Amino acid sequence: MSEDEALCQRIKELGNYLVVDHLKDGTIIGVGELMFTRAIYIDLDLNGWGKRFCFQDRKLAAEEYMKLKTGDDEPTGYVARRGR
C-alpha cells in the first residue's frame, strides 16, 4: 500500500466516510452519509475537511463525485455547502 493509499484509508476510518480518494493534484476527496443527505467532501485530511457539498439525490452526488479532477473543482446540483 502506498503512502497516499494509507493516508486515504486512515481518513476513511476516522471520518466514517463511504469512500475516500486521492486526486492527481494531491487533493483528498470523499463521500459520506449525513442524516438527510449524502455529502461530497473536498480537501480531507486527518483533522477534517475543507469543503462539504450536500445532495438530496444520492445518484447525483455519485455522478458529481466522479467528475472531480482537482481540489478547485466544484460539484453542481447540491442543496447546501459548508466550508472551514
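**Close-up 1. F55 is a buried residue, with a relative accessible area of 0%.** Welcome to this predicted model; we start at this phenylalanine and its ring partner. F55 and Y78 make an aromatic pair of the edge-to-face kind, with 6.5 Å from centre to centre and 80° between the ring planes. F55 belongs to strand β4 (residues 51–55), while Y78 sits in the loop between α2 (58–67) and β5 (80–83), so the pair ties together parts that are 23 residues apart in sequence. The two partners can be told apart by their surroundings: F55 is buried at 0%, whereas Y78, at 27% relative accessibility, counts as partly exposed.

**Close-up 2. Y17 and Y41 meet edge-to-face.** By the ring-pairing rule, the count for this model comes to four aromatic pairs. In this one, Y17 and Y41 are 5.0 Å apart, centre to centre, and their planes stand at 70°. The pair links distant parts of the chain, 24 residues apart: Y17 is found in the loop between α1 (3–15) and β1 (19–22), and Y41 in strand β3 (residues 38–42). Y17 is buried, since its relative accessible area of 11% falls under the 20% limit for that class. Y41 is buried too, at 6% relative accessibility.

**Close-up 3. Three residues form one aromatic cluster.** Its members are Y17, Y41 and W49. You have already met Y17 and Y41 as an edge-to-face pair; here W49 joins them in the cluster.

**Close-up 4. Five strands make an open sheet.** Following the sheet across, you meet the strands in the order β1-β2-β3-β4-β5, with antiparallel pairing. The edge strands are β1 and β5, each of which pairs on one side only. On average, neighbouring strands of this sheet are turned by 15° against each other, direction ignored.

**Close-up 5. Strands β4 and β5 run antiparallel and are joined by four bridges.** Look here for R52, which stands opposite R82 in β5. Strand β4 is also home to F55, the buried residue that opened this tour.

**Close-up 6. Helices α1 and α2 meet the strands.** Helix α1 packs on the sheet, where it touches β1 and β2 (28–33). The direction of α1 makes about 150° with that of β1. Helix α2 lies across β1, β2, β3 and β4. Relative to β3, α2 runs at about 20°.

Definitions and conventions:
Residues are numbered from 1 along each chain as its sequence is written. This is a predicted model: local features need pLDDT of at least 70, side-chain atom pairs count only at pLDDT 80 or more; totals for chains, interfaces and linings use all residues. Side-chain values use heavy atoms; hydrogens and water are left out. Rings of Phe, Tyr and Trp (its six-membered ring) pair if their centres lie within 6.5 Å; planes under 30 degrees apart count as stacked, over 60 as edge-to-face and the rest as tilted. Helices (H or I, at least four residues) and strands (E, at least two) are DSSP runs, numbered from the N terminus. Buried means under 20% relative accessible area, exposed over 50%, partly exposed in between (1.4 Å probe, protein chains only). Two strands pair if DSSP finds at least two bridges between them. Axes are lines fitted to C-alpha atoms, for helices over the stretch in contact, and angles run from 0 to 180 degrees between N-to-C directions. Contact means heavy atoms within 4.5 Å.
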